[in-house]
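Colleague: Could you take me through one part of this model in detail, the protein surface that faces the DNA? After that, I would enjoy a look at the charged pairs too.

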There are 2 protein chains.
Amino acid sequence: MPRPTIEDVAARAGVSRALVSLVLRGSPKVSAGRRAAVLRAAEELGYSPHLMARSLASRTSHVLGVMVSDLHNPFWAEVVDGLDAGARSAGFELVINTGGRSPARERQALTGLLSFRPAGVALLGPVLPASAFTGASAHTPVVLVSRSSRVSTVDTVNDDGRAGSAMAVDHLVSLGHREIAHIDGGNGSQSAPRRTGYVTAMRRHGLTPRVVRGEYTEAAGAAAVRALLSPAPPTAVLAANDLNAVGAISALEEAGLSVPGDVSVVGYDNTWLAALRHVSLTTIDQPRAEMGRLAAEALVHRVRGERVTPARHLLPPRLVVRATTAAPRAMSGL
Amino acid sequence: MPRPTIEDVAARAGVSRALVSLVLRGSPKVSAGRRAAVLRAAEELGYSPHLMARSLASRTSHVLGVMVSDLHNPFWAEVVDGLDAGARSAGFELVINTGGRSPARERQALTGLLSFRPAGVALLGPVLPASAFTGASAHTPVVLVSRSSRVSTVDTVNDDGRAGSAMAVDHLVSLGHREIAHIDGGNGSQSAPRRTGYVTAMRRHGLTPRVVRGEYTEAAGAAAVRALLSPAPPTAVLAANDLNAVGAISALEEAGLSVPGDVSVVGYDNTWLAALRHVSLTTIDQPRAEMGRLAAEALVHRVRGERVTPARHLLPPRLVVRATTAAPRAMSGL
DNA sequence: ATGAAAGCGCTAACAA
DNA sequence: TTGTTAGCGCTTTCAT
């Protein structure tokens, strides 16, 4: 048994399709009697409008497509919260897709999203090549979160990764560390600026950078630490993100090194994982909900044609000191 | 500039709309020459079909709607992985929505999903009243994950929560515990069977159940522990889920109690959070990916009309012993 | 205030 | 093998 259509409602209420349409969209130019009849008929039939037929006919859409690169990383859940709030308050609805941190899968996800002809698309931490979304941005507003772009039809929302890494380095240096290693995010989104920020800050302090390639996962954090163990472990590690940091901590402890006693560890993101009292990770906070909200806003502005120049949000990160950083052993013994 | 339509492609390739449609859907009854021309035109225009116009015309859908109750709980990300794999291999695509653990929001999410007229809908850990989805299930196949239902038009995929809780209790009892408390999941999905399993197992061992109301969050775990501290803390706690367990552990440690030295803690779900070496939580494993796969399969079977009887998957949970459980202090002193 | 008619992008008979 | 025609469920002029 197919779902009831507007035609069914019209028939039951004894009016025309057009009238039902008006009532459903709250037009004031409908008599109270007819309005009541239509609403009752709709109610009785359990009618709910076919959103896509509607947007096909009206040539408009109130759907924002969201591609999440990695549903497992709590960071994105928190960004989605902000996006959801922003979209909702502007009368838009979210449709989410996931990319599994693979360019090919992300491409599919984006195509899938676009096939709904959404009003706009947000790509959260995409790793796909820029060409994949610049084309789309000609027809549909696109906003990138945690990834930069110079394409003028694409908006971006990022934290200042260079500044964030520098804050972490400065914090560690001020504690007395001089051997500070960095596990990077490989070809993950935003890993380049964070790496640059780290290297620059190290040089500024007259220290030698030591970067080991990683990924935004726990396993990569653990693997990277094993690589760092020889010839001699650093006294501090700036991880790619919180997840990565937790993996690094585990591997350090497995190797018989205590955190922060022997090695200090700093994460990045400040997700709930870092805040777990049991983890208490010193980390760099990104304003996650705010980033989501700004992404929604950027899209909505483009949709409404209120802006044609690219939005380039670069938000200031913030150091959050918790329990995984301390003065190096040699220093504390002084 | 609007996106190109099938009409644009047809014009550019010098053929009719219908022919383009045939080519795009891989019909064999098209000459090689025309096919090439059409594909080239589509390529040049960057054309991608309007999925909703397609499903409107064909009266079919290859979209599965997914309502995730809580995007922050890693459990669901792992279920979605399975769902995605299952859907993909059957030629379906996922559209995800989130409910924020609130009945009202979930209702909106479900309505939003249904307005796309998906082939089927999966509700992951819904807390909304059954009436909200029984109506929908008359028109659209519905599968519930981590929530039971007796409605014959609704399929369900659950782990055996009673058995899972019993396993946890048995494990703790075998270690020598007698004062075992349970933090429940409040009105969260599946909290009832887990609680029943706990109470039944406790009675079977001649022990007195002690249940404190909770929720599937870290904060609730911490709050529940504070309530458990007086008059005297138990020697073991079965938490509502992994997230909850981690909160409980933090609160215990804050109160000066060590885990598992003073108090043993068992989680539920076996998400990556529990597996983090830094957490090493003893927990009850649910086959998350498998549950997602089964949910997708249930939907696909209904869509294809291959089954009209309700699917009732009840999967066996499994005890995973890690580092948060040990014999109680009094025993180990013997 | 209400209805008739056209059309959104596409598929599915049916013709040719 | 290809084109023509009639919708799918809805909105939107344009009349009335």
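Modeller: Happy to! Let's start with helix H4(A), which contributes four residues to the surface near DNA strand D, the most of any element. Please keep in mind that this is a predicted model. In total, 25 residues surround DNA strand D, and those that come nearest are Ile6(A), Arg17(A), Ser21(A), Tyr47(A) and Arg54(A). Sorted by class, this surface has twelve nonpolar, six polar and seven charged residues.

What part of the strand meets the protein? Of the atoms of DNA strand D within 4 Å of the protein, 74% are sugar or phosphate atoms, and the rest belong to bases. For a phosphate contact, look at Tyr47(A): one of its polar side-chain atoms is 2.4 Å from a phosphate oxygen of DNA strand D. For base contacts, turn to chain B. There, a polar backbone atom of Leu56(B) lies 3.3 Å from a base oxygen of the strand, and a polar backbone atom of Ala57(B) lies 3.1 Å from a base oxygen. The elements that give two or more residues to this surface are helix H2 (17-24) and helix H4 (51-58) of chain A, along with helix H2 (17-24) and helix H4 (51-58) of chain B.

Now for the charged pairs. Over all chains, the whole structure has 40 salt bridges. One of them joins Glu44(A) to Arg40(A), with the closest N and O atoms 3.4 Å apart. These two residues are four apart in helix H3 (residues 32-45) of chain A, so about one helical turn separates them. Glu44(A) is partly exposed, at 44% relative accessible area, while Arg40(A) counts as exposed, at 51%.

A second pair to find is Glu78(A) and Arg288(A), whose closest N and O atoms are 2.3 Å apart in a salt bridge. This one links distant parts of the chain: Glu78(A) sits in helix H5 (residues 74-89) and Arg288(A) in helix H13 (residues 288-303), 210 residues apart. Glu78(A) is buried, with a relative accessible area of 10%, and Arg288(A) is buried as well, at 16%. Both belong to a network of salt bridges that also includes Asp285(A) and Arg318(A).

In chain B, Asp269(B) forms a salt bridge with Arg194(B), the closest N and O atoms being 3.8 Å apart. Asp269(B) is in the loop between strand S9 (264-266) and helix H12 (272-275), and Arg194(B) is in helix H9 (residues 191-204), so the pair ties together parts 75 residues apart in sequence. Asp269(B) and Arg194(B) are both buried.

Technical notes
Residues are numbered from 1 along each chain as its sequence is written. Chains are lettered from A and ligands numbered from 1 in the order in which they are written. This is a predicted model: local features need pLDDT of at least 70, side-chain atom pairs count only at pLDDT 80 or more; totals for chains, interfaces and linings use all residues. Side-chain values use heavy atoms; hydrogens and water are left out. A residue is near a molecule or strand if one of its heavy atoms lies within 4 Å of it. A polar contact is a pair of N or O atoms within 3.5 Å; within protein, one must be able to donate a hydrogen and the other to accept it, and residues adjacent in sequence count only if both atoms are side-chain atoms. Ala, Val, Leu, Ile, Met, Phe, Trp, Tyr, Cys and Pro count as nonpolar, Asp, Glu, Lys and Arg as charged, and the others, Gly among them, as polar. A salt bridge is a side-chain nitrogen of Lys or Arg within 4 Å of a carboxyl oxygen of Asp or Glu. Buried means under 20% relative accessible area, exposed over 50%, partly exposed in between (1.4 Å probe, protein chains only).
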